[in-house]
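Take a moment to look over the chain as a whole before turning to its parts. The paragraphs below go from the surface to the interior, and then to one helix and one residue.

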Amino acid sequence: MGAFDRFGVWVLVAFLVVGSGNGFYLPGSYPHKYQVGDILSVKVNSLTSIDTEMPFTYYSLPFCKPKGGVKDSAENLGELLMGDRIENSPYRFKMNINETEIFLCRTNPLTSDEFKLMTKRIDEMYQVNLILDNLPAIRYTKKDEYFLRWTGYPVGIKVQDLYYIFNHLKFTVLVHKYEEANVARVIGTGDAAELMPTTKGSEVPGYMVVGFEVVPCSSQHDAESVKNLNMYDKYPSAINCDPSTVAMTVKEGQPLVFSYEVSFVESDIKWPSRWDAYLKMEGAKVHWFSILNSLMVIAFLAGIVLVIFLRTVRRDLTRYEELDKEAQAQMNEELSGWKLVVGDVFRAPSNASLLCVMVGDGVQILGMAVVTILFAALGFMSPASRGTLITGMLFVYLVLGILAGYVAVRLWRTIGCGDFTGWVSVSWRVACFFPGIAFLILTVLNFLLWGSQSTGAIPFSLFVILLLLWFCISVPLTLTGGYFGAKAPHIEFPVRTNQIPREIPAQKYPSWLLVLGAGTLPFGTLFIELFFIMSSLWMGRVYYVFGFLFIVMILLVIVCAEVSLVLTYMHLCVEDWKWWWKSFFASGSVAIYIFLYSVNYLVFDLKSLSGPVSATLYLGYSLFMVLAIMFATGTVGFLSSFWFVHYLFSSVKLD
C-alpha cells in the first residue's frame, strides 16, 4: 500500500535532500559488479492494477515458469504488508552479451478458467512488474512530443472484441563500465567493502547495471513449430518487435508462446544516480512550484494570525496587570471575557480518560511520522529498499509506546490534580485503542482480499506476528511509560477551580460549527502534497520528495497549534470554559476534509476503479489514514492550547 501517514520532515534535512539530487547513495541497495558473461537473473513482483488496487501473484496467470521451479525471494515485513510477492523468473541474461529471438516456453492449451482469468486481467489493466538488480523495468511511451515513463508493462490489450497478449519482450539493459582500479571511487561506501578489488594491477573491466528498460510486443508465434524447442533455444524465424501492432491473440484451447531479446548499452549514468529515471517523473516542475507557492501563502497567513493573536493577548494581560487589586475586582464585575472563567477553566472535561488516551496515541503517531520521514529523507528508507518504509514505521511506532503511555498518564494525573488512581487502566487503553481500531479495519479489509485471493491479503502467520509484536512489545512499553508518568510530578494548575460550574452564556452560533470549520486552514497546508501522496499510493507512482514532506510537516504543526490557540482564546472570551475537547478537534477536524478529499479523489481521479471490493478497500484504507491524522493533529492542537491556557492564567495574579 504503500505507505500511509505521511507528515513531513525537518527543514535542515530538506536542504540536504534537495541538494543531493545527483549522486545520493541509497542505503539498502548495494552495488554489484558483473564480469562479461555473468548471469543476470530477472525477478517478478506481484501483478498490479490501478483499476482494482488488488495485487495478484505473477504465476496466477499461465506464464512461463523457471526450470528450477518458482522460488520466493527474501521478504521483509513491509513487503508482506504492501502485498509484494517477489519471485524468480525464467528471464535470464548474460552480462554485455546481446541476444535476440530467444524462445522461452510454449504453454499448455488454455483451459476455460485460464482464458477467462487472462481476459479478466487484461480488462482490469493489470501490469507485469519485472526487477533486475533491484531496478524495476521501466517503459517509455510518447504522447504529444513528451516521453512518459511507466514501471512495468501491461499483460495484454483488448482491440475490438479480441484479446492480445504481450508475449515478446525487448529488454534494454544500461550498464556502466569501470576499471578495477576505480571501484573504490565509484562505490564509495563502507557497506560494499566486500566488492573492493583484491588483485592489484588488474585491469579487467566490470559493469554495473544502471538501467532496465522493456518494450512489450505482441508477436504471432507458430505454436507447432516450437513444440520440440527447449527454453533459451533460438526461435526458428525472425521476430519483429513492433509495439504499435498486436498479433498474438488469446483464445481458449490454444497455447501461448513466449520469447524475448536483450541488448546491452553502455551508459554514462553512475550507479548512485540510476534511480533518477524513476524519481524524475513528469510534472516535477508543477510539484515544486505548487508546493513552494503553498508554503509561502500558508507561512504568510500563519504569521499574520500569530502576530495579531499575540498582540491581543499581550494587550489584555498588560491592561489587567497595571490595575490595582480593587480596580481589578471592579473590572471583573464590569467586563466579560476570559478573566471571568478563571474558576472553571481547569475543570476536568467530560470523558477525561478518553481524551488522555487519544492524546497519548496522537503523540505516538506523530513521533512515528517525524522519525520515519527523517530517516526516509536521509535515504535509509529509499524506493530502492522495498518495504523498509512500512517496516520502519511499525518498528518506531512500537518503540514510541513508552512515550504514549508517559504522556497519557501524566495528563491523567494533571487533570486529576495529582491523583494517579487508574493509571494502569489508562495505559492499557492507550496500548489498545488506536491499534485496536487499526486491527479491526485491517481485518475486515483482509477478509475481502482473502476472498479475492489477492497477494495484498496478510497471511495468517503474519497476523500472529503482528499480534505478538502488539502484546509483547507495544503493550509492555506503554505500561512502562505509564509507570514513569505516574511517578513523574503532575502539572499544577495556577488557579483554583470553583465547586459550582459557571453557566455558559447562550451563543449566537454553535461553537462546534467554528471548530469544524477550523480544519480548513491546516488542510490548506497539505492538500497539494496530499495529491502526490495519493498518486503514489493509488496510481503506482514513486514518491521521493521527503524534503518537501518535512517542510509541510513543520507548517502543519505550526498551523494546527495556531488554529487551536485562536479558537481556544475565542471560546474563553465568550465565557465558554469547555475548551478541552474543542481544542483537540479544532486542529483534528482537518481529518474530515482529508476524508472528503479522498472521496473526491476516488470519484474524479480513480474513475477506472471498478467493483465494490476495490472501492471498499480504498475507503477503508482512507479511513485508517484520516484517523491517524486526526489523532496526531488533534494532539498538537490540544497540547498547544493547554500550554497557552496554563500560561495565560499563570500570568494573572489573583487572590
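The protein chain exposes about 30200 Å² of surface, and carbon and sulfur atoms supply 62% of it. This is a predicted model, and every value given here was computed from it. Within the chain of 655 residues, buried residues make up 52%, where buried means a relative accessible area under 20%. The secondary structure comes to 18 helices and 14 strands. If you consider the contacts between residues at least 6 apart in sequence, 85% of them join residues at least 24 apart.

Turning to the interior, you can find a largest nonpolar core of 149 residues, in which F93, L130, F171 and F212 touch the most other members. The largest share of this core, 19 residues, comes from helix α18. A second, separate core has eight residues, and these include A302, A518, V563 and L567. To see what the surroundings of one core member look like, go back to L130: leaving aside residues up to four places away in sequence, L130 touches V42, K43 and V44, then L135, P136 and A137, and also Y153, L169, F171 and F212. Two of these partners, F171 and F212, are themselves named among the core members that touch the most others.

Next, follow helix α10, which runs through residues 401-415. How far should its 15 residues span at 1.5 Å a residue? The expected span is 21 Å, and because the end C-alpha atoms of the helix are also 21 Å apart, the model agrees with the expectation. Among the buried residues of α10 are G401, A404 and G405, with V407, A408 and V409 further along, and R413, T414 and I415 at the end of the list. The buried residues of α10 pack against α8 (352-377), α9 (388-399), α11 (423-451) and α12 (460-487), and also against α16 (580-588) and α18 (612-650). Helix α10 is followed by C417, whose phi is positive, near 55°.

Finally, consider P522, which lies in helix α14, residues 520-538. Is P522 buried or exposed? P522 counts as buried because its relative accessible area is 0%, whereas the cut-off for buried is under 20%. Not counting residues up to four places away in sequence, P522 touches L556, V559, C560, V563 and V590, and V563 is also one of the members of the second core. P522 and T633 are 111 residues apart in sequence, yet their C-alpha atoms are 9.0 Å apart in space.

Note on methods
Residues numbered from 1 in each chain as written. Predicted model: local features only at pLDDT ≥ 70, side-chain atom pairs only at ≥ 80, totals over all residues. Heavy atoms only, no water. Helix = DSSP H or I, 4+ residues; strand = E, 2+ residues; numbered from the N terminus. Buried < 20%, exposed > 50% of the residue type's maximum accessible area, 1.4 Å probe, protein only. Contact = heavy atoms within 4.5 Å. Expected span 1.5 Å × (residues − 1). Areas by Shrake-Rupley, 256 points an atom, 1.4 Å probe, with all protein chains shown as cover. Core = buried A, V, L, I, M, F, W, Y, C linked by side-chain atoms within 4.5 Å.
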